[in-house]
Amino acid sequence: MKKVMFALVWGILAGTGFAGAASSAPTADKIAHKADHMAFYQGMDAKGKIELVITDKQGRTRQRVFNMLRKDSDESKSDQKFFCFFQTPADVRKMVFMVHKHAEREKDDDRWLYMPGLDLVKRIAAGDKRTSFVGSDFLYEDISGRSPAEDIHELIKTTDRWYILKNIPKKPGDVEFAYYIAYIDTKTFLPMKMEFFKKGDRCYRIIESVKLIPVQTEENGTRVIYPTIAVSVARDLESGSTTKMTRSNMQYNVGLGDQIFTERYLRRPPRDAMR
Amino acid sequence: MKLFKNAVVGFAVMHYKPVMLLTILFTLGTGAFLPLVTLDTDPENMLERDEPVRVFHNETKQRFNLSDIVVLGVINNRDPDGVFNPTTLKRIYTLTEFAKTLRWQDAKHPGRSVGVIEVDMIAPSMVDHMSQHDPGTIQFEWLMNRPPETRQEARAVRDRALSNPLLTGRMVSEDGKAVCMYLPLTDKLLSYRVYTALRKKIAELGGDEEYHITGLPVAEGAVGVEMFTQMGTASPLAMVVIFGLLLLFFRKWIVIALPMIIAAVSIISSMGLMIACGFPVHILSSMLPIFLMSIAMVDSVHVLSEFFDAYTQEKGRTQTIKEVMDTLFAPMLYTSLTTAAGFLSLTLAPIPPARIFGIFLSTGVMIAWGVTVMLVPAYIMLIPEKKLEHFGLSAQEQEKQTWLTRTLAAMGALTYKHAKAVLGLLAIVVAVSVWGITQIRVNDNYAKRFSHSHPIRKADVALNSHFGGTYTAYLILEGKNHTKATYRDVLKIKRDLTRFSREIRKEHPGAPSLAAKLGETLSYNAFKNNTFEGFLDSTMHAIEKTAADAPDKDYYALQELKNFFGLEKEKRKLFKRPEVVEYMADVQDHLEKRGLIGKSNSVADVVCKVNQELTDGRPENFRIPDTLQAVAECYLQYQQSHRPNDLWHLVTPDYMQANIQMHFPTGDSMNTKAVVEAVDVYFNNNAPPAAMNHRWAGLHYINLALEDRLVRGFLKSFAGSFMIVFIMMSFLFRSPLWGGLCMVPLSITLLMIYGIVGIIGKDYDLPIAVLSALSIGMAVDFAIHFLERSRTAYRATGSWKETVPQMFGGPARAISRNVLVIAIGFLPLLVASLVPYKTTGIMLFMILFCSGLITLVALPAALTIAETWFFKKSRKQKKEQGHSFR
């Protein structure tokens, strides 16, 4: 099934001329930047529903559903804003998590949290982004993206399907991993697999993209297709926990307004975020 | 009986060469299994595998993902800032990093590894810190990302840690002098390995700090490992001591080699058989050699003693041994049978290793008996007559000249002349002992298995004075929900739905009418679904379907209504409800305030702490918020950490079961018992706000449950043993009266010993419980020998007065020698550093010595007083020249 899906995506991509982008041999840095772009920066904005299913070692599951809005900054393409509006479980519905991401390495992201039950808006202090995202096996940084500038990239292998990058953090004291290996698809430049290693080459965490879908949209008046990760799975090998992230209703370039991503809207989210 | 005896002894004397060969072959054959030995050092195996307490404990461990934990404590009393100075924190960090590496290949599952579970470790560098950064800003960070470089930074780490009630008294002591690291293990049996690795690493660190390693798995593991090694030193030592004693008594090494051979044969073959039957050697069975060592020799010492006394060169060995065996065959058989029966009574205890121990111990005793009656004659036949020159009492010295014979003669005279005084004195002893027994305190403590100088005992004392406790038991609350939605449930939901739809009317004007329409379908929906959850799910599903095509105004209203049902579903998850969480906090508070526990942790603490930090960090907000949603938000925020799975040690993901972790500063089981009772009382007096069960789990609780089973089990086997021996004695003497008399010395002894235990305030713990049952079969032997020989002698003399001097000659000598040999044979256990071995050594020495002494004092005194009563039949028979026995 997976293979059929891939073939389908490739077919469409070839049709749109996308696959041609991979012809010349790029540098490690270029691959890393391109992968970052493909995973987090396609289109001017995006909207979709995300479902997280966390399955623990014993097979017990927990579910979270939220709508996610994303908008790129007009001035600098690398700054972004995220707005996550929680739907499920019912007792945390309307909880909002908002991020203003700053791509510059020296500038910390701004993060906000709205908790309707406690009726509180809190700013989250700059600091560690490598904590669990709502109790799942994805980290905050997996959701908003780890800037390629944080790591030194090394192309360790190129195969027909993948560019295999070894990424070593510039500030090893800030992260729990020693390095991670990313398998970047040579055609779409989407990261298909990331293996995180601790000291002693011990792999403890894997994120895999298990399903890609082509999402049709318009870019400057022309129809384009964005290959999009529809299902990805994060596995924590130490705790035995797994989280499956499924994106649905993905839309790009919907024309989200900047005002949505402000503190004012945390308590009264725009209908854009809800339906 | 006579026929059987003559056949056996005759065969042994005639065919001594094949007998010898057969014995050697039997020993080698069974001994061949010894290398296949497997050890079982897990005290949990004292409980049956399907024992409900054990089953629940294991279920709990799985449900809450709990592991057995090694506690590594660091104390710095010299530095003004305690452990919170850069150097100590650096060492703590180094140790933490080292502990992470304690992983090994899993022998059972290649490719997998076992050892310390890094993600669940608790150490300053591995836990999170949640705090107020600026007003309105909350910060999530590592408590100590890396070891601090300045004293100021180190103190900041302390202050951060102390601000978290989940860590205070657990990871960091309130005075800041100590830090504890908790290292969870994939299997508690690895604890000793982790323990030794840590000790080695600590030795490399140096510095002023004190390091302590403790935790129940460590204590249990160490007991297991050290028991076996100490058994290895104590057994040979016992052998040497016994050999020395025998040499003192009999002077001829070639003769005393015999008991040693018999002991070796019975130990090797019974251990070999046990291993061949596929049983692992448990801690209890590790004592098998030292028990068999002395018991196996008893019979042969009797034979030797008698042979030594009776041998003259004129008579020759063949004649002497036949005579000796004639006298001793029956008492030996019966003493062996009673000893074996006494041990066999251990099978009455519901404790698997005790059963195995009992079965093979009694097997060993019977093997020893068989070997004694077969091999002793054969062996003596093999000794050239020449080598026996100067052997025997007659050859060595005159009877009256030895200290033993003199003392015994005096004792005999005393019991006859002052019989009433002797019995009166014993009566007083009994009375005091009975009072002493009422003072007995049942209590066990794993740490107290180690002597005061043992590092584990020291660690226990040091760490528990700084922390809330290193002993942990889990109070598990299990919520109960009725499964199907009833008519009343539906009515209530309908009512609440209507109210809710009116509340949101301002924002969603269509809500009341949509709710009314929805309300009509509820009864049918509830009827259709077998579960409450199914009913709610299908209702939500139906709403979602309607909403999909609805216009915007209805869509948003329907979403609210759908969420109403979603919330109903969440409300059924008991441990999300504020009043339930509050109840848990109350239980903890109650126990902590009464000083029953050192510290406790539950989701109540988590919710309070998160609520405090989310709100504004002020102490008054360390409380449980009022709504389900707010509690849920606290739970969710708690998961947004570096350790998202920590929550699941305290509550199950369905929020239907919660775990209150109770930490005890002492390993005393009576303390645990008091808490268990206090919790029951609390639940009875304060009904929980929702239906729930409460049950206990955790190694520390298992030990309490184990103790309960063991104390009762051994009491049962004690009673069983007593009855069996009494019945056997009544049968042997053809008289319950004599049977009863036979039980007297041992009863007085046990009353006395356990009375002393009560009076000196020694806790009645596991080792002491085991010994009561074990000692009966052994302690009764002296009385059997004494009474049996008395009856025989009385038949010859016809008067007790004339019998006494005879009895205090050869028979008393044989008994005394035996008493000394086996009682002193247990004393080498005192060199062991483990307290249970010391206890076993001293207790058995006392029991055997006292029962020997009391036999020689109480029985003749009783017979003096009640001569007519006891010897009625014998007197008559004396006239008829009949034999009652043999």
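In the hairpin formed by S12(A) and S13(A), 4 residues lie between the strands, and Gly240(A) adopts a positive phi near 80°. The model described here is predicted.

**Chain A: strands, a loop and confidence**

Strand S12 (residues 222–236) of chain A runs antiparallel to S13(A), and 6 bridges join the two. Within this pair, Val233(A) has Lys244(A) in S13(A) as its bridge partner. S13(A), which spans residues 241–252, also pairs in the antiparallel sense with strand S1 (residues 45–55) of chain A, over 9 bridges. There, Leu52(A) stands opposite Met245(A).

Ala178(A) belongs to the loop between strand S8 (162–169) and strand S9 (179–185) of chain A. Is Ala178(A) buried or partly exposed? Ala178(A) is partly exposed, because 15 other C-beta atoms lie within 10 Å, and a residue counts as buried only from 20 or more. Not counting residues up to four places away in sequence, Ala178(A) touches Pro172(A), Phe197(A), Lys198(A) and Lys199(A). Asp201(A) is 23 residues from Ala178(A) in sequence, with a C-alpha to C-alpha separation of 8.1 Å.

Chain A has a mean pLDDT of 86, and 88% of its residues reach 70 or more. Over residues 1–23 of chain A, however, the pLDDT is below 50, and this stretch has 21 contacts in the model beyond near neighbours in sequence. Where pLDDT is low, the predicted coordinates should not be read in detail.

**The contact between the chains**

In the model, 32 residues of chain A are in contact with 39 residues of chain B. On the chain B side, strand S6 (137–142), helix H19 (552–571), helix H21 (603–615) and helix H22 (628–639) each supply at least two of the residues that touch chain A. The residues on this side comprise 16 nonpolar, 16 polar and 7 charged. Strand pairing also crosses between the chains: strand S6 (residues 120–124) of chain A and S6(B) run parallel and are joined by 2 bridges. Arg123(A) has Thr137(B) as its bridge partner.

**Chain B: overall form and cores**

Chain B contains 30 helices and 13 strands. Its C-alpha atoms fill a box of roughly 125 × 65 × 55 Å along the principal axes. Of its 886 residues, 52% are buried. Among contacts between residues at least 6 apart in sequence, 79% join residues at least 24 apart.

The largest nonpolar core has 314 residues, of which Val70(B), Cys180(B), Met181(B), Leu183(B), Ile262(B) and Val607(B) touch the most other members. Helix H11 (residues 352–382) of chain B provides the largest share of this core, 19 residues. Apart from this core lies another, of 19 residues, including Ala485(B), Ala526(B), Ala557(B) and Leu567(B). In soluble globular proteins, nonpolar side chains tend to be buried together. The contacts of Val607(B) include Val581(B), Ile624(B), Val631(B) and Cys634(B), leaving aside residues up to four places away in sequence.

**Two sheets of chain B**

One open sheet of chain B has 3 strands in the order S7-S2-S8, with antiparallel pairing. Strand S7 (178–185) and strand S8 (210–214) each have a single partner strand, so one side of each is left without a neighbour in the sheet. Neighbouring strands are turned by 20° against each other on average, direction ignored. Strand S2 (residues 68–75) of chain B and S7(B) are joined by 8 bridges, and Gly73(B) stands opposite Cys180(B) in S7(B).

A second open sheet, of 4 strands, follows the order S11-S12-S10-S13 in chain B, again with antiparallel pairing. Strand S11 (599–601) and strand S13 (692–697) of chain B are its edge strands, and the twist averages 20° from one strand to the next. S11(B) pairs with strand S12 (residues 657–664) of chain B over 3 bridges, and Asn601(B) stands opposite Gln661(B) in S12(B).

Helices of chain B pack against both sheets, as set out below.

| Helix | Residues | Strands touched | Angle |
|---|---|---|---|
| H4(B) | 86–100 | S2(B), S7(B) | about 5° to S7(B) |
| H15(B) | 455–466 | S2(B), S7(B), S8(B) | about 105° to S8(B) |
| H20(B) | 578–593 | S11(B), S12(B) | about 15° to S12(B) |
| H24(B) | 699–732 | S10(B), S12(B), S13(B) | about 90° to S10(B) |

Methods. Residues are numbered from 1 along each chain as its sequence is written. Chains are lettered from A and ligands numbered from 1 in the order in which they are written. Two strands pair if DSSP finds at least two bridges between them. Axes are lines fitted to C-alpha atoms, for helices over the stretch in contact, and angles run from 0 to 180 degrees between N-to-C directions. Two residues are in contact if their C-beta atoms, placed from the backbone, lie within 7 Å. Ala, Val, Leu, Ile, Met, Phe, Trp, Tyr, Cys and Pro count as nonpolar, Asp, Glu, Lys and Arg as charged, and the others, Gly among them, as polar. A residue is buried if 20 or more other C-beta atoms lie within 10 Å of its own, exposed if 12 or fewer, and partly exposed in between; C-beta atoms are placed from the backbone. A nonpolar core is a set of buried Ala, Val, Leu, Ile, Met, Phe, Trp, Tyr and Cys residues joined through C-beta atoms within 7 Å. pLDDT is the predictor's confidence in each residue, from 0 to 100.
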